[in-house]
Amino acid sequence: MSRFFHGGASDSDTSSSDEEELYSEEEQEEKSEESSSESSSSSSSSSSEASSEEESEVEEEEEERPNPFIAGGGYASSDESDEEGRRVVKSARDKRLSEIETSVRLIENAEKINDWVVISAEFDKLNRFVEKAKQTGPVPKLYIKTITDLEEFMNESIAKDKTATKRMNAANARALNTIKQRIKKNNRGYEKEIEQYRADKDGFMVEEEVEEKAAVKTKREKTISREIALEAGDEEGFATVGRGGKTIQYTPESIFKHLKVIIEARGKKNTDKLEQIRTMEKLLEISQTPYQKIKVLLALISTRFDLTTGASSFMSTEQWKRAESEFNTLLETLEKNPDFIIYELAEEWDDDEKPPNPGPDEVFKVPGSIVSYAERLDDELTRSLQHIDPHTTEYIERLADESALYASIVRSQAYYERIAQQPDIQVAESLNRVINRRLEHVYFKPAQVITTVEENTWKNLPAGVESAITPKTASVNATHLISTLCTYLYKYDATVLRTRAMLCHVYHYALHNNFYQARDMLLMSHLQENIHGADINTQILYNRTLVQVGLCAFRAGLIYEAQTCLQEICGTNRLKELLAQGVQMQRYSQVTPEQERLERQRQLPFHMHINLELLECVYLTCSMLLEIPALAASGSSPDLKKRAISKTFRRMLEYHERQIFTGPPENTRDHVMQASKALAAGEWKRASELLNAIKIWDLLPERDRIKVMLSEKIQEEGLRTYLFTYAPFYDTLALSRLAEMFDLTPRKVTALVSRMIAHEEIAAALDQVNNAIIFRKGVELSRLQSLALTLSEKASSLIEQNERVLEQKTQGSGGRGGGAGRGGKRTEGGGDRRGGRGGRGGQKNVQFNSQRGAIKA
């Protein structure tokens, strides 16, 4: 039978001793002595019976063996119980001391046989043990004794026989040189202790024993004080207990000590950041001086930002609002105490016991960066808006926090303007960064929204906040505000911020229908020449600006300018990607996960998007008004047909014409394609109805004016298309007839026909007496004749290119044949067909090379 079930209940003495432990320690000791004597007697009797009967021995052992799971029980023999009685539990410091003693003993033994390899290895171990021992107490004096003796031994060994290193083996000599360098460097940190040891070696080691006894007493006192502190905490309800069971007390004098611990733990593993935040919130409550508040707030805001790890996550709304509130508290503290400023290049104050106290005319610099906090708050808000569904109320509620952030940015700008007046403070770069952030919050908004935001911002700011760049006393004008901010960056910044400011300025002009100002500024900046070398975010801003200029040109009725601006962006299949309004995965593209992650980080929030459907509608409409007359003017000429203004529109139109059955239009693209077919057929009214039926025009601010403008453009282009198509069939055509057909005034028709004649688009003359167009009949080529002329022109140009390339090759090769190789004869023609691999087909090689040269030319 197992001993787990038998024998445990028979040990009545042990169970009774467990109950009596509650009453007296003396009785407990007596009981334990009795139980130990009984167990030893039972074991001796069982050993004497083992020589006579083995079976009875097993049974008696099972009956008499005490249960190990009951207090006081043991397994078997008295030897094992004696070993357990001699077992000693050591503290961590005692273990370190025993390890140090072992290493010291090995070093002393190696010194006797002059084994420097062992000495070097054990010296490294000894230093590691001492570093761990420092965490629980002072440096052991045995270590000081060992390194002092080791240095003396090394010097004696080298001085005794300088040629000893030559007789050593390579490993021993290397170890000696290593220990020579390390011990000198190591002993510099313990010069004071080494001098004390050398002064009185015996007294130095005796003091260690006294200190150990005192340490035992202090441990007992600490245990008693810890129990008293816990009892005091229980009386109040709860007490904050730190590492090792110590009660933590927060006082104004201990603020910097707690801050130092928190800052040192920053970035380490297994650090409870929320606990650190709670601790700093308590420190902020008890802080009294401005310097204490500033230091605590700087650490607290930074720790809140540390809660967000990874690029895919974003800061919670609660933590962001607290960080924004603490940021405003920091600015308020700085405004009330102008003798303290936060400066990025300031030096850290080392003396925590004596905080700084600047005089009346002095300014104390605290290391930190206000603009970094403002930028981080802005980035976290943007990241939050990227991850929230824009079609929910949560997005609207989150977007409302932008006004509070904008007020903080304006307040930061006023702070930097104030400290920039100090003679030795250089904050021009920080001020430029703050102004750029402010500019990027307002450049894409309508004037009414900017005016409202500015008024609410200055109302919420304290009365003492002033800005010299954008004073609040001036009347709030959106265009004037944007112009002031951009002009400041033009004047005082030479980095990428200047480029971004210029793009924001152009965007604002285009948004408010100032096309010619936006166009002139964009062309004079020459950004289109070097924008490809800018960073990706700046390229995205350039694309947005270019698109906005195109929309502005369309609203102004400038169809050609609008199509030219939109062609570069809308003519590709990467519209979402170029405007950072979505990740558009191509079919055959090889995008790594890292690239996709970076692409998602660059996405703009939904409230900054430009409507892509409106953009496509404007682009296709402009392309239709330009392409349909161009197709009619090309007629049957294949060369003119190849000169496409918009390849995207041509491709869509060809696909639409190949369809056998076309139903009623369902989307924007169908409306534009059917309007194009109607315009080409001369049905301008039908085309106008289809375009005006597109619902996307309702998003434009002046939709009625836009629709009227589109109807006029369709009438004009319909007239031009009609003249291009049917001019060969007329000798004369009355202007009144054209005005009646296209519902235009005779003056407008006369202006259009005159412009076409002046640009030589039609071969005609204007008879002002009879108000008619007289068409000139020239020599008209048939389709076959025009194709033959085209072929002859291409053949002659190809011959000229071949001759030019052949001359360059013969002059450059110095008369050598170009096609001769192994086994072939060299000839002037460039090779022989009887030759090897190099000479075969020399004439073909010349033609191929000439074609390549033509392509390069």
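Ring pairs join Y722, Y726, F729, Y730, F742 and F775 into a cluster. The model is predicted, and it holds 19 aromatic pairs. This briefing covers the aromatic contacts and the largest pocket, which has a volume of about 1300 Å³.

**Aromatic pairs**

- A pair of aromatic rings is described by the distance of the centres and the angle of the planes.
- The structure contains 19 aromatic pairs. For Y726 and F729, the ring centres are 6.5 Å apart and the planes stand at 50°, so this pair is tilted; planes under 30 degrees apart would count as stacked and those over 60 as edge-to-face.
- Y726 has a relative accessible area of 36% and is therefore partly exposed, whereas F729, at 66% relative accessibility, counts as exposed.

**Charge over a ring**

- R398 lies over the face of W320, at a distance of 4.8 Å from the ring centre.

**Largest pocket**

- The volume of the largest pocket is about 1300 Å³. Its lining comprises 46 residues, of which T382, Q386, Q601, R602 and Q603 are the closest to the pocket centre.
- Helices α16 (370-387), α17 (393-399), α19 (428-440), α22 (496-511), α25 (536-555) and α28 (593-601) each contribute at least two residues to the lining of this pocket.
- The greatest contribution to the lining comes from α16, with 8 residues.
- By residue class, the lining of the largest pocket consists of 19 nonpolar, 14 polar and 13 charged residues.

Terms used: Residues numbered from 1 in each chain as written. Predicted model: local features only at pLDDT ≥ 70, side-chain atom pairs only at ≥ 80, totals over all residues. Heavy atoms only, no water. Phe/Tyr/Trp six-rings, centres within 6.5 Å; stacked < 30°, edge-to-face > 60°. Buried < 20%, exposed > 50% of the residue type's maximum accessible area, 1.4 Å probe, protein only. Lys NZ or Arg CZ within 6 Å of the ring centre and 35° of its normal. 1 Å grid on protein atoms, 1.4 Å probe; cavity = no way out; pocket = protein on both sides within 12 Å on 5 of 7 lines; lining within 4 Å. Points joined across faces, edges and corners; volume = space filled by probe spheres on them. Helix = DSSP H or I, 4+ residues; strand = E, 2+ residues; numbered from the N terminus. Nonpolar A, V, L, I, M, F, W, Y, C, P; charged D, E, K, R; others polar.
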